[in-house]
Amino acid sequence: MMRYSEMFLPTTKETPSDAEIVSHQLMLRAGMIRKLTGGIYTYLPLGYRVIRKVENIVREEMNRAGAQEVFMPAVQPAELWVESGRWDMYGKELLRVRDRHNRDYCIGPTHEEVITALVRDEIQTYRQLPRNLYQIQTKFRDEIRPRFGVMRCREFGMKDAYSFDATEESAEESYRKMFDAYTRIFTRCGLSFRPVEADSGNIGGSFSHEFMVTADSGEDAIVSCTSCDYAANLEKAEISRPEEETGHDHAMEYSPTEEVHTPDVRTIEEVCTFLDVAPRDVVKTMIFMCDGEPVAVLVRGDEDINEAKLRNYLECDSLELAMDDTILEVTGSPRGFAGPMGIKSRIIADYSLMNMKNFVVGANREDHHIKNCNSGRDFEIKDYADLRIIREDDVCPRCGEKLRIVRGIEVGHVFKLGVKYSKAMNATFLDRDGKEKHMIMGCYGIGIGRTAAACIEQSHDEDGIIWPMSIAPYQVIITPVNINDEDLSDAAEELYNSLIAEGIEVILDDRNERAGVKFKDADLIGIPIRVTVGAKSLAEGKVEVRFRKSGEVEKIPLETIRDFITKTIMDQISISCG
RNA sequence: CGGGGCGUAGCGCAGCCUGGCAGCGCGCCUGCUUUGGGAGCAGGAUGUCGCAGGUUCAAAUCCUGCCGCCCCGACCA
């Protein structure tokens, strides 16, 4: 299939200085990718072979799960996006273009609009449901800051699938099928991963999982239980409502409030230093604007508010920290002295405030704080909720055991959409009961390039990439130690032809290079099996098989080498998928 | 969008402060030697010094503007 001397495979010895993470460095060094411009990459032959391997695994498993492949346009008319409401909502990540007639288009960052428009025109009855359509296509998202090579880039290959169902039960079944398909896909790609619960935004009754490849270089933090199988991303990770302390009279322990002069003392840190208290004795009062209404959110001083949780709890579309003039209006003081006592807004409190006594709050008066504040006596908290960011020393919300926080790379996402798009775009069907209903949708994405990069993050050493057999660009590389030695080159050539005849993906390194150069390149590009053809072994009628992953070397007689390799490859590709 | 840095041979970089021959390493080409972990010797080719303008006898070097890239932050699914 391929002679190294004829391949377009520009490897480099030196690590490019602007590549931060190992997958980016190695993809450049191994001649897999080259950058065209910010966040936009060309896949060279070696890189593209890996991409196609991943795509084919995805394709096989999607088909197995009953999804059908389509191919949608990358360029989409603005009208569809106006219809779904996302033309205005999506923001700057949406790359908008105009044609010669001055009509608006975008380069698709995702395809809910297109698929929904297609399906609403073609599906009329529950008899045509459920359906699951997917595609593997290039997406464009104008990322604010592309980085890490193909990990976070602007143009990228993605598999996106969309399911349409008539009933909730059926929709959940569609979701489960995709969840299982994803598990098979990432297992077959040789990845260590885990599905985690993810925030699904404010669509009622929906749920969502992210498939995270665990890697220290990951951009996302994930929380997992050391005991049960609970796992969630940071945004989603729940914190249980603490037990309320009972059995004694709180009021007895309340000290009288005391307003203290705290000139220019604003942050929690400053308050603690000034009053000689710990952050956990202070209550932080943050003023948010929630769909235009101010809300005071209380959290213990050593905790941080999780805006995703807050947004979900308040069921609002827009949520942002209030501007200074709003703070002045609501608290009557400048930023830094807000507190719950006498505040002119709704108050909600994180669970961390339960059981706090005699705490410090802002006085809603410039340069003043209040000591020994107590809820119930000094102000009323009607709403307690889980509003803060989880920490590693919190306990599992399911079983109460210890948690662990690790970093991960999001390679896949399954999301139950519900009727968000079918409603906005009027995708309905006629149900058995004769009523017109909105289709229940789900969407399911996999980042193809990111999956390949995540694999490198997880599987490499100081010499280069270590591909698993399933997505390796080639399965075998034959390295004749000296191409000018006819015995060696003839033997290598013969083996090469016999492996090709077996359908094995093999490179013959027929370059007139020194052995060391060839070994280094073979290691760098990560081919799982290297067959070295050298004079000593050949004299015994043998060649050396070296495994990239373990470094183990076996001498195999020429008569059995073909069968040995075929069997090894078969063994390594057919990984059990549970 | 804010802050910082960079832009000089295919790649990595020095030179810029203090204006005066365009340089180093790797790679590339030719020849000889070498050939089991990125060879040695000899010879050679390669530049819009990011772009535009300005100052100057003279600009890679100083000044102004622009463009591109990288990093940090903010923002965002």
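In the predicted model, a sugar or linking oxygen of RNA strand B is 3.5 Å from an N or O atom in the side chain of Asn482. Such a polar contact is a pair of N or O atoms within 3.5 Å. Arg145 places a polar side-chain atom 2.4 Å from a phosphate oxygen of RNA strand B. Gly534 uses its backbone: an N or O atom there lies 3.4 Å from a base oxygen of RNA strand B. Strand S2 (33-37), helix H14 (515-525), strand S30 (529-533) and strand S31 (542-547) are the elements that give two or more residues to the surface near RNA strand B. Helices (H or I, at least four residues) and strands (E, at least two) are DSSP runs, numbered from the N terminus. H14 supplies the largest share of that surface, seven residues.

In total, 32 residues surround RNA strand B. Lys35, Arg145, Asp523, Gly534 and Glu544 come nearest. Of the atoms of RNA strand B that come within 4 Å of the protein, sugar and phosphate account for 41%. A residue is near the strand if one of its heavy atoms lies within 4 Å of it. By class, this surface has 18 charged residues (Asp, Glu, Lys and Arg), six nonpolar (Ala, Val, Leu, Ile, Met, Phe, Trp, Tyr, Cys and Pro) and eight polar (the others, Gly among them).

Residues are numbered from 1 along each chain as its sequence is written, chains are lettered from A and ligands numbered from 1 in the order in which they are written. Local features need pLDDT of at least 70, side-chain atom pairs count only at pLDDT 80 or more, totals for chains, interfaces and linings use all residues, and side-chain values use heavy atoms, with hydrogens and water left out.

Helix H6 (residues 168-188) has 21 residues. From first C-alpha to last it reaches 30 Å, close to the 30 Å expected at 1.5 Å a residue (1.5 Å times one less than the number of residues). Its buried residues (under 20% relative accessible area, 1.4 Å probe, protein chains only) include Ala171, Tyr175, Met178, Tyr182 and Ile185. Seen down the axis of H6, the buried residues fall within an arc of 150°, taken from the directions from the axis to the C-beta atoms, so they line one face. Just after H6, Gly190 takes a positive phi of about 75°.

Strand S7 (residues 104-107) pairs with two strands (at least two DSSP bridges each). Three bridges join S7 to antiparallel S5 (residues 75-77). There, Cys106 stands opposite Gln76. Four bridges link S7 to S6 (residues 95-98), also antiparallel. Ile107 is the bridge partner of Leu95. Five residues separate S6 and S7 in a hairpin, where Asn102 in the turn has a positive phi of about 70°.

Terms used:
Buried < 20%, exposed > 50% of the residue type's maximum accessible area, 1.4 Å probe, protein only. Polar contact = N/O pair within 3.5 Å; in protein donor to acceptor, adjacent residues only side chain to side chain.
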